[in-house]
Amino acid sequence: MTDSGNAPGQSASPVRRRFRLPEEIGVIAALVVMILFIGIARPHFLSPLNLLTILSHTTFQGMLAVGMVYLLAIREIDLSVGWIFNFSAVFSGLLMVAGLDPWIAAAAGVGFGALLGLFNGIIAVGLRLPAIIVTLGTYSMFQGLSLVVNGGRAVVPPNQDSSYFNVIATKIFGLVPVAALVFVVLAIVMHFVLHRTKFGYRVQAVGSNPEAAELAGISTNTIRLQTLVLMGAICGLSGAMYIGFRGAIDPQEGSDFVLVVVAAVIIGGTPLSGGYGTVIGAVVGMMIIQVISSGLIFFGIDATWSTFVTGAVIVLAVSLDGLIKFQRARRANRVKLEPDPPAGP
């Protein structure tokens with residue numbers, strides 16, 4: 001009888017790896033179809049300038065969506081992100097008004113955002129409360145403090161001829177803002193961190209099964225704290241760059257960010273149930289929201305409808321996610337109930 005196995009010392013034949021489409025292929029296809037649909041009806045929509053403008057409009061909220069992916073991956077939501085963004089921008093702007101170098105003031109804004117995230121994390125972990133409950137309170141706290149500090153007026157730094165404002169507002173080849181380029185780089189780095197580092201593995205492990213993560217030696221409290229600090233730092237970065245890009249920060253800027261940010265993450269494919277996150281999907285989800293807003297304008301529809309459409313897209317995305325999970329669960333149960341094949345002679 002011939003042995004079909006490999007002889008001792010022989011290397012096993014290489015196993016062909018099955019090609020798998022990226023998880024984000026569905027949402028990317030939806031974005032492309034949406035752009036083509038609007039572009040066919042309104043050809044000017046497909047102009048490179050308009051498409052790059054849409055990308056630049058996703059920059060600051062898109063950064064927040066990148067951080068929110070990590071929070072949803074551990075089954076948490078930070079409702080205060082818009083006001084951490086605003087307060088950090090106000091903090092940076094006031095330092096610039098006081099005469100501090102804009103680059104140092106911007107770095108201080110990032111650190112200030114991280115401190116606000118740390119504040120959220122300490123309360124959530126210390127009192128063992130969900131972050132959504134804690135940040136429901138800190139939302140108003142940060143809003144109130146920001147309005148007190150800025151006196152209810154826009155903060156406009158002087159001396160906007162400095163290198164910081166020039167660099168952040170510069171458009172590469174006259175088309176792509178440096179701020180948008182930073183957003184893209186941030187998304188690539190955070191995608192790598194989530195899927196290729198121990199921290200990213202631990203984030204997804206905690207969201208998938210907190211009890212099993214604890215048994216594996218992963219401190220869920222530490223991961224929650226670190227993720228909330230990371231979210232705050234990204235909000236600080238976005239706020240500091242915003243004031244460099246716009247040259248001012250309005251007292252109410254960021255107040256409505258949280259709905260758009262969470263919507264982008266959910267539309268992008270990160271489930272509310274945790275255990276998985278997709279940064280690329282969140283970026284595409286944010287672009288879908290901006291394409292919807294821009295498309296409404298091109299069709300002459302009142303822009304106020306964009307909020308309704310965004311909510312409808314969230315409901316659709318969550319419904320599809322639930323339907324897919326239901327089908328997978330049914331398939332898994334069917335496999336379990338199938339009898340084992342009879343053993344051979």
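Accessible areas here come from the Shrake-Rupley method with a 1.4 Å probe, and for residues only the protein chains shown count as cover. The model is predicted, so local features need pLDDT of at least 70 and side-chain atom pairs count only at pLDDT 80 or more, while totals for chains, interfaces and linings use all residues. Residues are numbered from 1 along each chain as its sequence is written, and side-chain values use heavy atoms, with hydrogens and water left out.

Q: What share of the area that the chain exposes do carbon and sulfur atoms supply?
A: The chain exposes about 18300 Å². Of this area, carbon and sulfur atoms supply 66%.

Q: Which helix gives the largest share of the largest nonpolar core?
A: A nonpolar core is a set of buried Ala, Val, Leu, Ile, Met, Phe, Trp, Tyr and Cys residues joined through side-chain atoms within 4.5 Å. The largest has 82 residues, and Leu-64, Met-68, Ile-249 and Val-279 have the most contacts inside it. Its largest share, eleven residues, comes from residues 59–73, helix H3.

Q: Is Ile-280 buried, partly exposed or exposed?
A: Buried means under 20% relative accessible area, exposed over 50%, and partly exposed in between (1.4 Å probe, protein chains only). Ile-280 is found in helix H13 (residues 279–298). Because its relative accessibility is 36%, Ile-280 counts as partly exposed.

Q: How many helices does the chain have?
A: Helices (H or I, at least four residues) and strands (E, at least two) are DSSP runs, numbered from the N terminus. Alongside two strands, the chain has helices numbering 14.
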